[in-house]
Amino acid sequence: MTLFLWIPASFARWIRLKIYQYEVTFAVYMLTPTEKFIFNSLLLTLISMIITAIYVYLPDHIRSIYGHLYYYWAGERPFISSALPSISSVFRETGTQTLEVMYETAKNNAAAAATDTIREL
């Protein structure tokens, strides 16, 4: 029974330690409450903007880098960025047969996407 009481107390102590380390590291303990509020608000806004930018833009950058790596490995550009094969399927085998199969698969996916687009119109 004492274990259930010990875990929240230990967690609360750890949180207090992290807050103390934050205030001492950035010298926030010397600020007035209003200045602390402004500083913490600016810091929180900056961190949330960085996290939002990572969430929105990083997948596209990774997809672009992967497209360049695929081009350097296979020697051709993929038809549609969403039709890229997985990284493991590209680097699993180094034979030309695998690359030919991937080329045919990408070509078939592009043709299917084009016919789907035409049907929607």
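This section describes the fold of the chain, its second helix and the local features around its first helix.

The model is predicted. The chain holds four helices and zero strands. From the N terminus on, the order of elements is α-α-α-α. Of its 121 residues, 10% count as buried. The accessible surface comes to about 10,300 Å². Carbon and sulfur atoms contribute 68% of that surface. Among contacts with a separation of 6 or more, 27% join residues 24 or more positions apart.

Helix α2 covers residues 33-74 and has 42 residues. From its first C-alpha to its last, α2 reaches 59 Å. This is close to the 62 Å expected at 1.5 Å a residue. The helix nevertheless bends by about 40 degrees at Tyr 57. A proline, Pro 59, follows within four residues of that position. Beyond the bend, α2 contains three buried residues: Tyr 66, Gly 67 and Tyr 70. Gly 75 follows the helix, and its phi is positive, near 85 degrees.

The UniProt record, an unreviewed entry, lists residues 37-58 as "transmembrane region". In the model, residues 37-58 are 100% helix and 0% strand. The end C-alpha atoms of this segment are 31 Å apart. Tyr 57, where α2 bends by about 40 degrees, falls within the listed range of residues 37-58.

Three aromatic pairs are present in the structure. In one of them, Phe 11 and Trp 14 have ring centres 6.1 Å apart and planes at 25 degrees; the pair is therefore stacked, as planes under 30 degrees apart count as such. Both residues lie in helix α1, which spans residues 2-25. They are three residues apart, about one turn of the helix. In an α-helix there are 3.6 residues a turn, so residues three or four places apart point the same way. Trp 14 has a relative accessibility of 46% and so counts as partly exposed.

Another pair joins Tyr 22 and Phe 26. Their ring centres are 5.5 Å apart and their planes lie at 55 degrees, so this pair is tilted. Tyr 22 counts as partly exposed because its relative accessibility is 24%, and the cut-off for buried is under 20%.

The loop between α1 and α2 includes Ala 27. Phi of Ala 27 is near 60 degrees, a positive value in a residue other than glycine. With a relative accessible area of 26%, Ala 27 is partly exposed. Positive phi values thus occur at Ala 27, in the loop before α2, and at Gly 75, after α2.

Methods: Residues numbered from 1 in each chain as written. Predicted model: local features only at pLDDT ≥ 70, side-chain atom pairs only at ≥ 80, totals over all residues. Heavy atoms only, no water. Helix = DSSP H or I, 4+ residues; strand = E, 2+ residues; numbered from the N terminus. Buried < 20%, exposed > 50% of the residue type's maximum accessible area, 1.4 Å probe, protein only. Contact = heavy atoms within 4.5 Å. Areas by Shrake-Rupley, 256 points an atom, 1.4 Å probe, with all protein chains shown as cover. Expected span 1.5 Å × (residues − 1). Bend = angle between axes of the 7 residues up to and from the residue. Phe/Tyr/Trp six-rings, centres within 6.5 Å; stacked < 30°, edge-to-face > 60°. UniProt positions renumbered as here; feature names shortened; annotations may be inferred.
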